Amino acid sequence: MIALWLAFGLLLLPALWLLVAPMRRARLVHDAQASFEANDRAAEQNVAIYRRRLASLEAALERGDIDQAQFDEDRLELDRSLLEDTANLTRRPLHSPAAGRFAVPVVALALVISAMLWYQHEGAEGDLRLLAAFEESDSLPALLERLQQEAQRQPGNADVWATLFPLYRDSGQGEAAIEALDRLIALEGRLPSLLAQKAQLLFFINDRTLTDEVQALVDETLERDAREPTIFGMLGVHAFDRGDYEQAIDHWRRAIAGMSDSSSAQALREGIQVAQQRLGLASEEGEAGVAQGPGVRVSVSLDEELEGLLDDDTRVYVVARDMEGELPPLAVARLTLGDLPTTLTLDDRHAMSEAASLSQASEVRLVVRVTRSGGATPESGDMYGDVEGVPVGDVEGEPVEVVIDRVIE
């Protein structure tokens, strides 16, 4: 930023020079004008011309060339002409060459201050700070810390929150991402694209559940923009999870129609292919389609001692997480208690977002949770089982067994 202000100072120097330069020439201009006025003979020349013309009129009167009436009229015109010529020669006294010299520094200072205030209001100093944060940060935590400082310094800069939101989202800080997105919406207004991103984020935070809040955001977004692609992409995922593959295909096709990002459109086309395969093919595991990338084959069962505690339609989540626990869930599949025991394959088709998928990890922790409420947050009375250090790779081998054998107190 110091270099920026130095550059501004250099740009202001020519403007200040234009203000100061006339002061240096003021004495020369004053002396030249005073000399001109002192040596001006225009008045004497006008009087001499008047006298010659008056003498000519008097001679004409004596010779009888004109009568007295004509003489009086011509002399009146001659007198009037002299008055007009001499009236324009009256000059006001010259001001001192030092007059007004204090106004120049005042104007110069006002120019500098007004330029600085204008730039702080209309300029891009805040965005330059964001750029510096990216250039000077060597890790994601350091970058987040710098951006959080900028958010405190310039909370009214929408670019700060637009930068923080995806970083929070991709690093698994869902609540912080929602807060940043809310701040961005407050500054930019309830734009369909921002509402759609909030709906999608809440959808994935709640384990791909279409909650009342998400549905309200979906309705508002589609009311403002009936072609918003993010919403249709999310609705396609929801339909796919419920096994409504025809509806998923319809939503994803509508999303592609309004999408400008070619990579996202290609991902949806691949999802459509999988949904089409599931409409026509069924594997022995109850899944359809060909695995996408490396994955994990899982066998899920319920311990005999826990059987009968919950209804068969109770929701079951099969989740793969990275071993460090730094990323969002890498894969999520939904079952019901009545589906158990079963075997399924987790791969990139089950990713919650493009920023986190099974193909990014070499080992994962598998967690299977039976949730009484159907929510994303574990609660007392939920049943679960887990296995750590499961390698990600070929899905053709023997499945990893996960037994649901514990209850959350």
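In strand S4, the bridge partner of Arg297 is Thr345, and that of Val296 is Leu346. Strands, like helices, are DSSP runs numbered from the N terminus, with at least two residues (E) for a strand and at least four (H or I) for a helix. The model is a predicted one, in which local features need pLDDT of at least 70 and side-chain atom pairs count only at pLDDT 80 or more, while totals for chains, interfaces and linings use all residues. Residues are numbered from 1 along each chain as its sequence is written, and side-chain values use heavy atoms, with hydrogens and water left out.

The bridges of Arg297 and Val296 to S4 belong to the pairing of strand S1 (residues 296–302) with S4 (residues 342–346), which is antiparallel and extends over five bridges. Two strands are taken to pair if DSSP finds at least two bridges between them. S1 also pairs with strand S7 (residues 400–404), in this case in the parallel sense and again over five bridges; here Ser299 stands opposite Glu401 of S7. The result is an open sheet of three strands in the order S4-S1-S7, with mixed pairing. S4 and S7 are its edge strands, each pairing on one side only. Neighbouring strands of this sheet are turned by 30° against each other on average, direction ignored; axes are lines fitted to C-alpha atoms, for helices over the stretch in contact, and angles run from 0 to 180 degrees between N-to-C directions. Five of the seven residues of S1 are buried, so this strand is largely enclosed by the rest of the structure. Buried denotes under 20% relative accessible area, exposed over 50%, and partly exposed the range in between (1.4 Å probe, protein chains only).

A further open sheet contains five strands in the order S3-S2-S5-S6-S8, with antiparallel pairing. Its edge strands are S3 (331–336) and S8 (406–407), each of which pairs on one side only. Strand S2 (residues 315–322) is joined to S5 by eight bridges and to S3 by six, both pairings being antiparallel. Arg315 takes part in both, standing opposite Thr371 in S5 and opposite Thr336 in S3. Seven bridges join S5 to strand S6 (residues 383–391), also in the antiparallel sense, and Val368 has Gly385 of S6 as its bridge partner. Strand S5 (residues 363–371) is mostly covered, with seven of its nine residues buried.

In total, the protein chain has 13 helices and eight strands. Of its 409 residues, 35% count as buried. Among contacts (heavy atoms within 4.5 Å) with a sequence separation of 6 or more, 59% are accounted for by residues 24 or more positions apart.

The largest nonpolar core comprises 46 residues, and those with the most contacts inside it are Leu164, Met234 and Trp252. Such a core is a set of buried Ala, Val, Leu, Ile, Met, Phe, Trp, Tyr and Cys residues joined through side-chain atoms within 4.5 Å. Helices H6 to H13 each give two or more residues to this core, and the largest share, eight residues, comes from H9. Leaving aside neighbours within four places in sequence, Met234 is in contact with Ala199, Gln200, Phe203, Leu210, Val214 and Val218. Apart from this core lies another, of 29 residues, among them Leu306, Leu344, Val392 and Val402.

Two helix pairs may be described in detail. H7 and H8 pack at an angle of about 155°, with their axes 8 Å apart; they are therefore roughly antiparallel to each other, a term applied to angles over 145 degrees, whereas those under 35 count as roughly parallel, 65 to 115 as roughly perpendicular and the rest as oblique. H7 passes H8 in a left-handed crossing, that is, one in which the near helix is turned anticlockwise from the far one by less than a right angle (clockwise for right-handed). Residues of H7 in this interface include Trp161, Leu164 and Phe165, and those of H8 include Ala177, Leu181 and Leu184. The axes of H9 and H10 come within 9 Å and cross at roughly 155°, and these helices are therefore also roughly antiparallel. Their crossing is left-handed. Among the residues that meet there are Leu195, Ala199 and Phe203 of H9, and Val214, Leu217 and Val218 of H10.
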